[in-house]
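Hi there,

Here is the structure I promised to pass on to you. Have a look at it first, and then read my notes below.

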Amino acid sequence: MIISLTGFMGCGKSSVGRELSRLLCCPFMDLDSVIEEREGRKIPEIFATEGEAAFRRMEAEALRKCIYGQASDKLVVALGGGTVMTEECAKIVHEKTVCIYLRASVETLMDHLAGEVDNRPMLAGNLRTRIEELMSIRSATYEKTAHIMIDTNGKTIDEIAREISIKGLFI
Ligand code: S3P
């Protein structure tokens, strides 16, 4: 079984994924890190030199490798915030994983993303405006792709990971 985490940048996919994998005693993969390792470059550099479309192709390739190439019987994968916006990726995630949407309010995201914007080329410009713009485009896709939705506002990483393991009957 593969458990994937989706949701907007800053919602806690990587931290929650790491904690969930600890609770479930299984491996953890962070799709952004997989891409960076394979490319030998950081994501902002990939965006700056090759653009978003090239990044999305790398992301889809990394996702295919991660989903179809996994050997362990249980795996937790933190997706990038835009992964499921690529139709092929959304289909793979929906069909081949149990997908958890970590939903967070604009205020929570603003808090988490303060100081993190330089690492996230999709957020260039006014932070609140970019979050609102992208959220209005993406939220329906997060909801439709995921099987379980968790409201993360005001909760700690531990609480969210525990809630996922209970709601998903993973323990
Ligand atoms: C992106 C989210 C980032 C990373 C890239 C694009 C997006 O991942 O994949 O900067 O389009 O939402 P995180 O959600 O882990 O920040």
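Let me begin with Arg64, which is partly exposed, with a relative accessible area of 28%. Please keep in mind throughout that this is a predicted model.

**Salt bridges**

Arg64 pairs with Glu88 in a salt bridge whose closest N and O atoms are 2.6 Å apart. The two partners come from distant parts of the chain: Arg64 sits in helix α3 and Glu88 in helix α4, 24 residues apart. Glu88 is also partly exposed, and its relative accessible area is 37%. Neither residue counts as buried, because that word is kept for values under 20%, while Arg64 has 28% and Glu88 has 37%. The pair belongs to a wider group, too: a network of salt bridges links Glu61, Arg64, Lys65 and Glu88.

How many salt bridges does the structure hold? The count is 18. Here are two others that you may like to look at:

- Lys91 forms a salt bridge with Glu95, and their closest N and O atoms are 3.3 Å apart. Both are in helix α4, and because they are four residues apart there, about one helical turn separates them.
- Arg128 forms a salt bridge with Glu132, with 4.0 Å between the closest N and O atoms. These two residues lie in helix α6, again four residues apart, so they are separated by about one helical turn. Arg128 is partly exposed at a relative accessible area of 32%, and Glu132 is partly exposed at 41%.

**The largest pocket**

The largest pocket holds about 790 Å³ of space. It has 39 lining residues, and those closest to its centre are Met9, Gly10, Ser14, Asp32 and Arg120. Which elements give two or more residues to this lining? They are α1 (13–24), α2 (31–39), α3 (43–68), α5 (106–113) and α7 (157–167). Helix α3 gives the most, with six residues. By residue type, the lining divides into 13 nonpolar, 14 polar and twelve charged residues.

**The ligand**

The ligand is surrounded by 13 residues, and the closest of them are Lys13, Asp32, Arg56, Arg120 and Arg138. Asp32 and Arg120 will be familiar from the pocket, as both are among the residues closest to the centre of the largest pocket. Some contacts are worth pulling up on screen:

- Asp32 has a polar side-chain atom 2.7 Å from an oxygen atom of the ligand.
- Arg56 likewise has a polar side-chain atom 2.7 Å from an oxygen atom of the ligand.
- Gly81 takes part through its backbone, where a polar atom is 2.8 Å from an oxygen atom of the ligand.

**The second largest pocket**

The second largest pocket has a volume of about 160 Å³. Its lining is made up of Val84, Met85, Thr86, Glu87, Ala90, Lys91, His94, Thr141, Lys144 and Thr145. Two or more of the lining residues come from each of α4 (87–96) and α6 (127–145), and α4 has the largest share, with four residues. The lining divides into three nonpolar, four polar and three charged residues. Lys91 thus turns up twice in these notes, as a lining residue of this pocket and as the salt-bridge partner of Glu95.

Have fun exploring, and do write back with any thoughts.

Best wishes

Methods
Residues are numbered from 1 along each chain as its sequence is written. This is a predicted model: local features need pLDDT of at least 70, side-chain atom pairs count only at pLDDT 80 or more; totals for chains, interfaces and linings use all residues. Side-chain values use heavy atoms; hydrogens and water are left out. On a 1 Å grid over the protein atoms alone, a cavity is a set of points where a 1.4 Å probe fits but cannot get out, and a pocket is an open set with protein on both sides within 12 Å along at least five of seven lines; lining residues have an atom within 4 Å of a point. Grid points are joined across faces, edges and corners, and a volume is the space filled by probe spheres set on the points. Ala, Val, Leu, Ile, Met, Phe, Trp, Tyr, Cys and Pro count as nonpolar, Asp, Glu, Lys and Arg as charged, and the others, Gly among them, as polar. A salt bridge is a side-chain nitrogen of Lys or Arg within 4 Å of a carboxyl oxygen of Asp or Glu. Buried means under 20% relative accessible area, exposed over 50%, partly exposed in between (1.4 Å probe, protein chains only). A residue is near a molecule or strand if one of its heavy atoms lies within 4 Å of it. A polar contact is a pair of N or O atoms within 3.5 Å; within protein, one must be able to donate a hydrogen and the other to accept it, and residues adjacent in sequence count only if both atoms are side-chain atoms.
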